[in-house]
Amino acid sequence: MTTIQDVLKKVREYNQNADFKLIEKAYEVAAEAHKNDKRASGEPYIEHPLNVAYILAEFQMDDESICAALLHDVIEDANYDVNYIKKAFGADVALLVDGVTKITELKAKSREEYQAESLRKMLFATAKDIRVLIIKLCDKLHNMRTLGYLPREKQIRIAKEVMDVYAPLAYRLGIDKIKSELEDLAFKILEPEKYSEIEEKIKKNQKEREEEVEIIKKIVKNALKDAHIEAAIHGRAKDIYSIWRKMQRKERNFDEIYDVIGMRIITKSVKDCYEVLGLIHGMWKPIPRRFKDYIAMPKTNMYQSLHTIAITESGQIVEIQIRTAEMDRIAEEGVAAHWEYKDVKTDDSKFDKKLSWLKQIMDWQKSTTSPQEFVESVEVDFFGNEIYVFTPKGDVIELPSGSTVIDLAYAVHSNLGDRCTGAKINGTFSSIRTELKTGDVVEILTSKNQKPSRNWMKIAKTNKAKQKIRKHLQESGKMPVRRYHPVEAESEEISKNLIITEKYENPTIRLSKCCNPLPGEDIIGLKGKTNIITVHRQDCEALEKGRVVQKRVKSKWKNDYVGTVEVILETVDRVGLFADVLNTIAATGTNVQGANAKIISPDLAECRFALAIDDLEHLKDLINRVKRVQGVKKVYLGKI
């Protein structure tokens, strides 16, 4: 059982100058807030924030992060507000706690959309302060460690989310310790039989393997000693999930994968790293095309190391990583290793460049109003497997696996993408649809007469390329955007339960697109030769100017309607608008039965909400409030 004293002791190990009083105060607030709460295991709930704080302390995080970890559930679970946290612990702690907190106001939505919106909120908070994501990952890690007490269905849902989103996020931040454990814990839940099978095989061969590793280590150690190079040598354990994934990728069985010995050599300098590499290649036969230099060309998550695979004199295959002690710490702890108790606002352009993917995520907010669309785009472009290609100047460009020449062109610059005619890949002329591979040297070819076509939308794989192509097509009129109106677009019917007309047998009632009548407004129906009654506002200009000659039908809104109404908004596309509208609806006490949004033009979005209303006055009040939300341009009624 973890205590606050355990946390304080761990912090004291790396930071004697920490604000221990502030940390203790955060614990006292959290303990009071959760005093009546229990976890699914039956243990006091305070155990969870204590463990999250302890994990952060293991990564040597700063005082504010430790405080935020202790307080991270008090807003969501105990009704404390952000202002209280801000006054008691400062603006930075409040930002961290709020960033990690789920969007509790939106719980009336579907689980999928609620989760997507909460993830989006957390990622945008991360763009302001990277510690938000580090805390969230530690939170997920402890939850995964104790997931066994939850129902099986919930375990699977959480494990899939961890595998799809949070483990890749940990990779993006370079925190291998968290990434590997999250993957193994999620794999154990999602594929329990496969996990157990690999685990049993590892245990069965463990003794023999340890002996083989020691023999190899001794050979390397003696060679380093003779060369007067100081270095530490470690056998590198493979995670169960990484073994299984390699089996799938290479289509090999366990023995073929696990027979490879992993070794890590930690040196004192970069110079020593390359000397050790030369020593290994001189002693054993390296496997061609399996050497990777991540020291000269680091991964985007700050990872640096030399990788090589060699065959010993006895025929044993050895995978070797060579790096400095600092590189090793960054490989394990990623951005958390960078922290070193620095002021989070310290200007570090090199560090900021490593997190440029967060800025891209923020830019995407401008073109994705639907939280689910946003998360799907992020998963494709950032959470999938990546490839690394080179420009003729030697710059490294990271792209999602499956990217084509056109994706690379837009990744470099939008103008380059618009004028792309093809590429020279490793000296060979290739089309814009050619799929790229890691290590390709790519020169983009352009023409001033080239322009994007609609077919490019099928070729592009990345969200950025698709956005730029779509924008060009819309501006050039090659992809007209049809504005949505309930009558014009889908001829949606308004139920007789909401509007009363003169007695006609089973008429179809529609709202006019010209004046868009809303509940509470004076209305009149118009009937032609068909059995359709189109309802206008009584002050509609079309009526006043005599443009309509159909028979007028007395109509009025029915006040005692109870049921579901679809409200449709045409809005400007701005950050947070969807959440603002949902918050406004929630403030009226309305049950949201469904919600979605989509882009309808470069600067406009359409939001739809299925709402349970009590009566007409309820609907009128709700519409009036929604119309006041900044960015809402028009309000329509859809299906009833």
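**Close-up views of a predicted model**

**View 1. The two sides of helix H1.** On one side of helix H1, Lys9 and Glu13 are exposed (over 50% relative accessible area, 1.4 Å probe, protein chains only). Buried residues (under 20%) of H1 (residues 4-14) are Ile4, Val7, Leu8, Lys10, Val11 and Tyr14. Because these cover an arc of only 160 degrees around the axis, taken from the directions from the helix axis to the C-beta atoms, they lie on the same side of H1. Their cover includes helix H2 (20-33), H3 and helix H4 (63-71). Helices are DSSP runs (H or I, at least four residues), numbered from the N terminus.

This is a predicted model, in which local features need pLDDT of at least 70 and side-chain atom pairs count only at pLDDT 80 or more, while totals for chains, interfaces and linings use all residues. Residues are numbered from 1 along each chain as its sequence is written, and side-chain values use heavy atoms, with hydrogens and water left out.

**View 2. The surroundings of Asp184 in helix H11 (residues 176-190).** Asp184 is buried yet has no salt bridge (a side-chain nitrogen of Lys or Arg within 4 Å of a carboxyl oxygen of Asp or Glu). The nearest side chain of opposite charge, Lys179, is 8.7 Å away. The Asp184 side chain reaches the backbone nitrogen of Tyr241 at 2.8 Å. Beyond neighbours within four places in sequence, its contacts (heavy atoms within 4.5 Å) are Tyr195, Asp239, Ile240 and Tyr241.

**View 3. Confidence extremes along the chain.** Mean pLDDT (the predictor's confidence in each residue, from 0 to 100) is lowest in helix H25 (residues 486-490), at 34, and highest in helix H3 (residues 47-58), at 95.

Technical notes. Lys, Arg positive; Asp, Glu negative; His and termini not counted. Polar contact = N/O pair within 3.5 Å; in protein donor to acceptor, adjacent residues only side chain to side chain.
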